[in-house]
Amino acid sequence: MASVEVTFTNEVGLHARPAALFTQAASRFAATVQVSKAGAEANAKSLLSLLKLDVRKGDTVTISADGEDADDAVDELAALV
């Protein structure tokens, strides 16, 4: 399992368009990818699940992945933030 903590610095956080790009990127990996914020978890491959986290500018989230390409998934998704 791989994980990284990141802080959102963009103005809109993880709103509709950025969340859609994040979901598309996560879906390219075979690994199970989760995003967690303040105890709540979301499937990174589900747009609705991500939007429910209500990630805003300045929020810190943990991106974690489990599977054969977990390290690559975490690295790429952290780079998107």
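The following paragraphs describe the sheet and the helix packing of a predicted model.

Local features are reported where pLDDT is at least 70, side-chain atom pairs count only at pLDDT 80 or more, and totals for chains, interfaces and linings use all residues. Residues are numbered from 1 along each chain as its sequence is written, and side-chain values use heavy atoms, with hydrogens and water left out.

The sheet is open and has four strands (DSSP runs of E, at least two residues, numbered from the N terminus) in the order 1-4-2-3, with antiparallel pairing, where a pair requires at least two DSSP bridges between the strands. Strand 1 (2-7) and strand 3 (40-43) stand at the edges with a single partner strand each, so one side of each has no neighbour in the sheet. Strand 2 (residues 32-37) runs antiparallel to strand 3 and is joined to it by four bridges; within strand 3, Ala42 stands opposite Val35.

Helix 3 packs on this sheet and touches strand 1, strand 2 and strand 4 (60-66), contact meaning heavy atoms within 4.5 Å. The direction of helix 3 makes about 155° with that of strand 4, axes being lines fitted to C-alpha atoms, for helices over the stretch in contact, and angles running from 0 to 180 degrees between N-to-C directions.

Helix 3 (residues 70-80) also packs with helix 1 (residues 16-27), at an angle of about 165° and with the axes 10 Å apart, helices being DSSP runs of H or I with at least four residues. That makes the two helices roughly antiparallel, a term for angles over 145 degrees. Leu21, Phe22, Ala25 and Ala26 in helix 1 meet Glu76, Leu77 and Leu80 in helix 3.

How values were computed:
Parallel < 35°, antiparallel > 145°, perpendicular 65-115°, else oblique.
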